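Biologist: Can you walk me through this model and tell me what stands behind each label you use?

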Amino acid sequence: MEDGRQETVDGNRVKREQLTVDSEITMTALELPRGQGTGDWGPVSRWAGALLLLALLAFGRPLPAQTVDTGVVIPMRDGVNLRADILRPKGKGPFPVLVYRTPYSRAAAREEFATFRKAAERGYVVVVQDVRGRYGSEGEFDAYVHEGKDGYDTIEWAATQPWSNGAVGTFGLSYPGAVQWLAAVEGPPHLKAMVPAMTFATPRRFFYSGGVWDLSWISWTWFDIAPGARERMHVAGPVGDSAVAAAWDRDGAGWERFLPLDKLPILHAEAPWYFTWLTHPPADPWWNWAELAGKYNRTGAAVLNFTGWHDEDYGPSGAIRNFQGLLDARQGQPANTHLIIGPWAHGVGGTGRSRVGQREMGSAAKIDYDETILRWMDHYLRGIDNGVDREPAVKAFVMGADRWIESDHWPVANDSLVLFLAGGGSSGRLDSTAGPGALSTFLSDPAHPLTDPFAGYSGAHNYASFTGQPGQLTFESPPLDRDLTVVGAIRARIFLSTTGRDTDLWVKVLDVAPDGTAWNLMNPGLDVMRASYRDESLDPRLLTPDSVYAIDLNELLTGNRFLKGHRIRVQLSAAFFPWFSRNLNTGESEVSASESRPAMVTIHQGGQYPSAITLPLVQPPLVPSRKQ
């Protein structure tokens, strides 16, 4: 997914992945767009070309040293033709090749991102392709399903062209990241390197998370897929950006609240695959086509895994799982895989800024994303000894310290701290000992779910005013007497009971400054678990009302320094709407049912039910604190 959710940039609300990374003109051979929705390009007139050339010279921007072939047909094994634009360096070649596959229009990608031009100037042929059923490519779009075989065929086609030296790399973020992995596990022999950024490892933390359906698939499909599908299929509905946005502003909140999910009154014609997804629960073997576990030995490519702590929930989970999966599969041989986790939200643009959401991360947070990709490719495709292979395998940003730490292994934590939930009522404590037994309760009402005040905005935000709202509990440590550097997976074991047959549990961890500012440390999704999915079984294991169950959340991934004088806050709730779907509390699935019931949720603390969180600590701190 890319554009469905939004983030704040300089105070403005913008769709992610529509961020301009480089304002330099990337059109080549004096070409301009032609044919809306086709992805094709055509030459401009001689006079228009002359004017464009004068403009380029006036701004000191020389024409890139490359040629572009547009709308090149690449045949797939089943006879479907996909189209690509091919950027080729000047010179005889042959050259290494970079493949970028996208559902968002190859023409729009070339216009928006400077990566392709930079790569061609560096000596790479770049193949920018529309995936099956999108823009210039034939066939029927079935999100993600065809990307494995189509990616394999595209990579192997690129390797055999006269301008290719047979060494192929892939890059891209989000959907263009997912297509790389789906192709890589098909085993294309000429794939030598890849940089899959901000993407997934398992469908259980991509389409769902913790057994809960990710509602942002609605907005992603509405904004990024449906308009082009309507135009292609001649289906009624908004197409232009302003009309699509206006319809969402008018009706989007209702669509997110609509129950049952499978009767959603939109997208049936444009995206039938969305409703197919809904028929398959998270542990259904049907999803195995999108599962990477057990398949890492199918590729020998050098892989740079790239994500951010505030990326979509699947991003940090995916990057870490994929990194570790490659290490396990390559024991006894060069691993050729690295892991980079910055502070960023989802999207390319944020990697060049120091602010993530509302939180300032310092100048060290800014990186050159294009250069990061190309350095990796330079070494593994061109054989340049630039030191990439000798750098530490893991680089992780520590928010609060606003510095990077480096390590040769993951996890980097070498210690841990257990904090127990204590006290009762709506506001409790985090203590170093479990203490006597106590109870805290809150109401879970699916008809009036606890709602994120920053819904639709990614990144770090100040949740100070969120504490005390109905439908949640808060547990907080005293002011810390020392810095705590937390990097990796915070783990939570919470004992609960409920008057309903099921419930969701959200465990949110925040960094609270002395002035009351309370920063979230990750994007929603890693911090939720459906109680009936607690064993990740195919069929839900419903709860017996008022019986006590242990709910474990083991992937609350973050990198943050809790500074001396700060407090650690844990907030528990049964909803965090509208990021994910709502539990009806009845035992029925919100996919096919709409009736919900309020239920009381009781959190058990101390005694025989020591609810707690475990923080992964780096001791001693590997990076200095920033000046306060």
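**Labels and cut-offs**

Biologist: Why does Tyr144 count as buried?

Modeller: Its relative accessibility is 2%. Buried means under 20% relative accessible area, exposed over 50% and partly exposed in between, using a 1.4 Å probe and protein chains only. At 2%, Tyr144 is therefore buried. Keep in mind that this is a predicted model, where local features need pLDDT of at least 70, side-chain atom pairs count only at pLDDT 80 or more, and totals for chains, interfaces and linings use all residues. Residues are numbered from 1 along each chain as its sequence is written, and side-chain values use heavy atoms, leaving out hydrogens and water.

Biologist: Where is Tyr144 placed, and what is odd about its phi?

Modeller: Tyr144 is in the loop between β8 and α4. Its phi is positive, about 75 degrees, although Tyr144 is not a glycine. Ser174 is another such case, with phi near 70 degrees, and lies in the loop between β9 and α5. Ser174 has a relative accessible area of 2%, so it is buried too. Helices here are DSSP runs of H or I with at least four residues, strands are runs of E with at least two, and both are numbered from the N terminus.

Biologist: What makes Phe141 buried?

Modeller: Phe141 has 11% relative accessibility, so it falls on the buried side of the cut-off. Phe141 is in the loop between β8 and α4. Leaving aside residues up to four places away in sequence, Phe141 touches several residues, among them Pro103, Tyr175, Ile225 and Trp273; a contact means heavy atoms within 4.5 Å.

Biologist: Why are α4 and α5 called roughly perpendicular?

Modeller: They pack at an angle of about 80 degrees, with their axes 7 Å apart. Angles of 65 to 115 degrees count as roughly perpendicular, under 35 as roughly parallel, over 145 as roughly antiparallel and the rest as oblique. That is why α4 and α5 get the label. The axes are lines fitted to C-alpha atoms, for helices over the stretch in contact, and angles run from 0 to 180 degrees between N-to-C directions.

Biologist: Which residues make that contact, and how do they divide?

Modeller: On α4 they are Glu147, Gly148, Gly151, Tyr152 and Ile155, and on α5 Tyr175, Val179, Leu182 and Ala183. They divide into six nonpolar, two polar and one charged. Nonpolar covers Ala, Val, Leu, Ile, Met, Phe, Trp, Tyr, Cys and Pro, charged covers Asp, Glu, Lys and Arg, and the others, Gly among them, are polar.

Biologist: How do you know that β5 and β6 pair?

Modeller: Two strands pair if DSSP finds at least two bridges between them. β5 and β6 have eight, in the antiparallel sense, so they meet that rule. One bridge sets Val72 against Ala84 in β6. The two strands form a hairpin with five residues between them, and Gly79 in the turn has a positive phi of about 90 degrees.

Biologist: And what sheet does this belong to?

Modeller: An open, mixed sheet of 10 strands, ordered β5-β6-β8-β7-β9-β10-β13-β14-β17-β18.

Biologist: What makes β5 and β18 edge strands?

Modeller: Each has a single partner strand, so one side of each is left without a neighbour in the sheet. The twist averages 20 degrees from one strand to the next. Elsewhere in the sheet, β13 and β14 run parallel and are joined by seven bridges, with Asn305 opposite Leu339 in β14. Helix α9 packs on the sheet, touching β13, β14 and β17.
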